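Reader: Got a minute to walk me through this one?
Author: Sure, pull it up and we'll start with the domain record.

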Amino acid sequence: MGPLRRYGVLLLVSLLCAHANAGLRILTEPGPPTAFMQDGELQGFGVDVVRELITRTGSQAQIEMMPWTRAYTIAQRDPDVALFAMMRTPDREKRFQWVGPILHGKVRFYSLKSRNLQVDSIEDVAASGPLAVPKQWYSYEVLKEQGLQNLYGVPTPETMVTIFAHGRVNLILLEDILLRDMLAPAELAPADVQPQMVFMESSYYIAFSLDTDPAIVTAWQRELAEMRRDGSFSAIFRQWLPDVELPEALR
């Protein structure tokens with residue numbers, strides 16, 4: 001073997017070793033209760049689940065928080081990247097490798113208990129007075145397509161909850177896993193609201209880039225299943241989502 005070829009082989013081996021030692025880059029966006037910063041520490045339900053999986057799989061990994069758009073771009077572009085918690089949709093199915101689900105949310109209508117409303121159908125929603133939903137939400141577009149005349153589009157989720165607390169609208173639309181954190185700034189608690197009909201459901205996963213070794217993805221899925229069997233997953237769920245029943249999809 002000539003010196004040049006020998007150098008090329010050594011360089012290739014060096015690069016492969018560096019890649020193997022680089023570990024996983026795990027990304028998330030700020031959004032309680034899944035992931036958020038508190039007192040300079042990254043916390044949340046998703047953070048605790050992912051940290052436990054890192055330990056169980058023996059992965060070399062660090063969790064980074066960044067805006068969703070940037071994280072999503074990196075996860076599609078780079079190898080050895082995971083992003084949580086991502087809704088699994090037909091459009092995304094072939095763009096990632098999936099581990100989960102780690103969350104399952106029910107998007108439902110809520111009223112103040114003091115209103116004594118009963119909402120069991122879209123017809124009931126239409127007859128129940130003003131319904132506030134953020135304009136940028138997918139659920140707003142779906143409701144708009146259904147022609148609801150009482151749909152009141154608002155700029156932010158915070159606006160929605162504020163006007164709801166002040167009695168300016170009778171209904172809001174929220175995912176149950178976000179309920180406690182969304183209500184808190186308006187000094188409302190889950191006990192103050194009445195859950196109404198479920199409008200849609202979504203499952204959330206850890207999405208691995210396509211250039212991640214499939215054996216890593218398999219190991220993560222296997223350890224997640226073990227967490228469900230030994231009760232550690234449900235313990236983390238109860239800690240962060242005490243007001244939400246553990247969905248069948250996560251048991």
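Reader: So which residues does UniProt list for the domain?
Author: UniProt lists residues 23–244 as "domain: Solute-binding protein family 3/N-terminal", in an unreviewed entry. Keep in mind that the model is predicted. That span is 34% helix and 32% strand, and its end C-alpha atoms lie 34 Å apart.

Reader: OK, the sheet. What's the strand order?
Author: The order is 4-1-5-10-6-9-7-8, an open sheet of eight strands with mixed pairing. Strand 4 (61–65) and strand 8 (151–154) are the edges, each pairing on one side only. From one strand to the next, the twist averages 25°.

Reader: In what sense do strand 7 and strand 8 pair?
Author: Parallel, over four bridges, with strand 7 covering residues 131–134. Pro-134 stands opposite Val-154 of strand 8.

Reader: And which strands does helix 3 lie across?
Author: Helix 3 (residues 68–77) lies across strands 1, 5, 6 and 10, and runs at about 125° to strand 5.

Reader: Switching to the core. Which residues touch the most other members?
Author: In the largest nonpolar core, which has 34 residues, those are Ile-26, Val-49, Phe-84, Ile-206, Trp-220 and Phe-233. Elements giving two or more residues include strand 1, strand 5, helix 8 (214–230) and helix 9 (232–240).

Reader: Which helix gives the most?
Author: Helix 2, with six residues; this helix spans 45–57.

Reader: What does Val-49 touch, then?
Author: Leaving out residues up to four places away in sequence, Val-49 touches Ile-102, Leu-224, Met-227, Phe-233 and Ile-236.

Notes:
Residues are numbered from 1 along each chain as its sequence is written. This is a predicted model: local features need pLDDT of at least 70, side-chain atom pairs count only at pLDDT 80 or more; totals for chains, interfaces and linings use all residues. Side-chain values use heavy atoms; hydrogens and water are left out. Two strands pair if DSSP finds at least two bridges between them. Axes are lines fitted to C-alpha atoms, for helices over the stretch in contact, and angles run from 0 to 180 degrees between N-to-C directions. Contact means heavy atoms within 4.5 Å. UniProt positions are given in the numbering used here, feature names are shortened, and annotations may be inferred rather than shown by experiment. A nonpolar core is a set of buried Ala, Val, Leu, Ile, Met, Phe, Trp, Tyr and Cys residues joined through side-chain atoms within 4.5 Å. Buried means under 20% relative accessible area, exposed over 50%, partly exposed in between (1.4 Å probe, protein chains only).
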